[in-house]
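User: Please take a close look at how the two parts of this chain meet, and then at the residues and charged pairs that help to describe the rest of the model.

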Amino acid sequence: MVGAGQMGAGIAQVAARAGYRVLLNDVKEEFVQKGLGVIRKNLERDVAKGRLTAVEMEGTVARLVPSVSLGDAAGVSLAVEAATENMTVKTAVFRELDRVLPGQAVLASNTSSLPITELAAVTGRPDRVIGMHFMNPVPVMQLVEVIGGLATSQATCDLVVEAAVRMGKTPVVVKDAPGFVANRVLMPMINEAVFAVWEGTATPEAVDAIMKMGANHPMGPLALADLIGLDTCLAIMEVLYRGFGDPKYRPCPLLRQYVAAGWLGRKSGRGFYSYQS
Ligand code: NAD
């Protein structure tokens, strides 16, 4: 598992819970430890609620191996990357994974929107590169959007579908295109909600109340944006905007401002709402 942030920790948790031995990698020891801390807290909650036994929890934790060097991944058969949503960061990770992992290993990205075909092209194994897009929060959400790049083989797709099922998820396979399906549909709605606030049409509370009661969404779009991370939302809008070259995907200036201010949502304590840590 490359990246021990909110998604990486979640994926590592469900993979270890499913019996996989998981190398949890990040650039700094403190980030890995933070991810492990979140996993432990989640598992303790599961034990308290009777969803997991203490023995199962200890077994799950024991299968998580901390790492700050991708060199540790030499024996890995499936790598899932959930590093920051940035093409430069991800291509560097994929080049390194391609260099270190066995030739047969599959390299999957949890990217929300970056092109799988382009990530595959920086490796010597484009047929073994695929998108494995988990939803947030990973332990709770059922879907894994599986994205085949132009060169992805059927065998790679089958392997990742099987891994997702083993982790208790429901995979749905799509083709590579900007934003794939989940974010191509979801993110313009979130962006439009930000426009409604920016233009003074409604407060965040009003927008969210309308979409919860009016469209039966479990969460309003702005509370969801705060959960996803406003930097991630902006990055996805930029991908849609560039990828389709269509002005209908222009990110709202208020979203840019919030990200520039460091108001990233829950993870920074402030976004459209305030969060106590
Ligand atoms: P995050 O900021 O919580 O975590 C990213 C982690 O990656 C950080 O801990 C960072 O230190 C680490 N990282 C950066 N460069 C690295 C490198 N070279 N090697 C190893 N680790 C590195 O972000 P997140 O929300 O967990 O998002 C991670 C990925 O998952 C992104 O691609 C994002 O688009 C995708 N995703 C996010 C959501 C969401 O709701 N947040 C949902 C689905 C997919």
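Analyst: Asn191 is a useful place to start, because its relative accessible area is 2% and it therefore counts as buried. The model discussed here is a predicted one. Asn191 belongs to helix H7, which covers residues 182-198, and, once residues up to four places away in sequence are set aside, Asn191 touches Met237, Arg250, Pro251, Cys252 and Leu255.

Helix H7 leads to the question of the domains, for the domain assignment of the protein gives domain 1 as 6-175 and domain 2 as 182-268. The contact between them draws on 10 residues from domain 1 and 8 residues from domain 2. Their C-alpha centres are 26 Å apart, and domain 1 and domain 2 bury about 730 Å² between them, with 58% of that area on carbon and sulfur atoms. On the side of domain 1, the residues that lose the most area to domain 2 are Gln6, Ser112 and Ser113, which together account for 46% of what that side buries. Sorted by class, the side of domain 1 that touches domain 2 consists of 3 nonpolar, 5 polar and 2 charged residues. As for specific pairings, the count of salt bridges between domain 1 and domain 2 is 0, whereas 5 residue pairs in polar contact are found across the interface, both residues of each pair being at pLDDT 80 or more.

Ser113 also appears in a pairing with Leu240: the two are 127 residues apart along the chain, yet their C-alpha atoms are separated by 7.9 Å. Leu240 lies in helix H10, residues 230-244, and it counts as buried because its relative accessibility is 0%. Leaving aside neighbours within four places in sequence, Leu240 is in contact with Pro178, Gly179, Asn183, Arg184, Met187, Pro188, Gly245 and Tyr249.

Phe180 is found in the loop between strand E7 (170-175) and H7. Phe180 has a phi near 50°, a positive value in a residue other than glycine, and at 2% relative accessibility Phe180 is counted as buried. A second residue with this backbone feature is Asn216, whose phi is positive at about 60° although Asn216 is not a glycine. Asn216 sits in the loop between helix H8 (204-215) and helix H9 (221-228), and, with a relative accessibility of 69%, Asn216 counts as exposed.

Another loop that repays attention is the one between strand E5 (129-134) and strand E6 (143-148), where Pro139 is found. Pro137 lies in the loop between E5 and E6 as well, and the peptide bond that runs from Asn136 to Pro137 is cis, with omega near 0°. Pro139 has a relative accessible area of 36%, so it is classed as partly exposed. Apart from residues up to four places away in sequence, Pro139 touches Gly10, Gln13, Val14, Asn42 and Lys169. Pro139 and Ala12 are separated by 127 residues in sequence and by 9.7 Å in space, taken from C-alpha to C-alpha.

Turning to charged pairs, side chains of opposite charge can pair when their charged atoms come close. The structure holds 8 salt bridges, one of which joins the side chains of Lys90 and Glu85 at 3.9 Å, N to O. Lys90 is buried, with a relative accessible area of 1%, and Glu85 is likewise buried, at 17%. These residues belong to a network of salt bridges that links Glu81, Glu85 and Lys90.

In helix H4 (residues 87-100), Arg99 and Glu96 lie 3 residues apart, about one turn of the helix, and Arg99 forms a salt bridge with Glu96 in which the closest N and O atoms are 3.0 Å apart. Arg99 is exposed, with a relative accessible area of 62%, while Glu96 is partly exposed, at 26%. Arg125 and Asp98 supply a further example, their side chains meeting in a salt bridge at 2.6 Å, N to O. This pair links distant parts of the chain, since Arg125 lies in the loop between helix H5 (116-121) and E5, Asp98 lies in helix H4, and the two are 27 residues apart. Arg125 has a relative accessible area of 5% and therefore counts as buried.

Conventions:
Residues numbered from 1 in each chain as written. Predicted model: local features only at pLDDT ≥ 70, side-chain atom pairs only at ≥ 80, totals over all residues. Heavy atoms only, no water. Helix = DSSP H or I, 4+ residues; strand = E, 2+ residues; numbered from the N terminus. Buried < 20%, exposed > 50% of the residue type's maximum accessible area, 1.4 Å probe, protein only. Contact = heavy atoms within 4.5 Å. Domains from an automatic or database assignment. Buried area = accessible area lost by both parts, 1.4 Å probe. Salt bridge = Lys/Arg side-chain N within 4 Å of Asp/Glu carboxyl O. Polar contact = N/O pair within 3.5 Å; in protein donor to acceptor, adjacent residues only side chain to side chain. Nonpolar A, V, L, I, M, F, W, Y, C, P; charged D, E, K, R; others polar.
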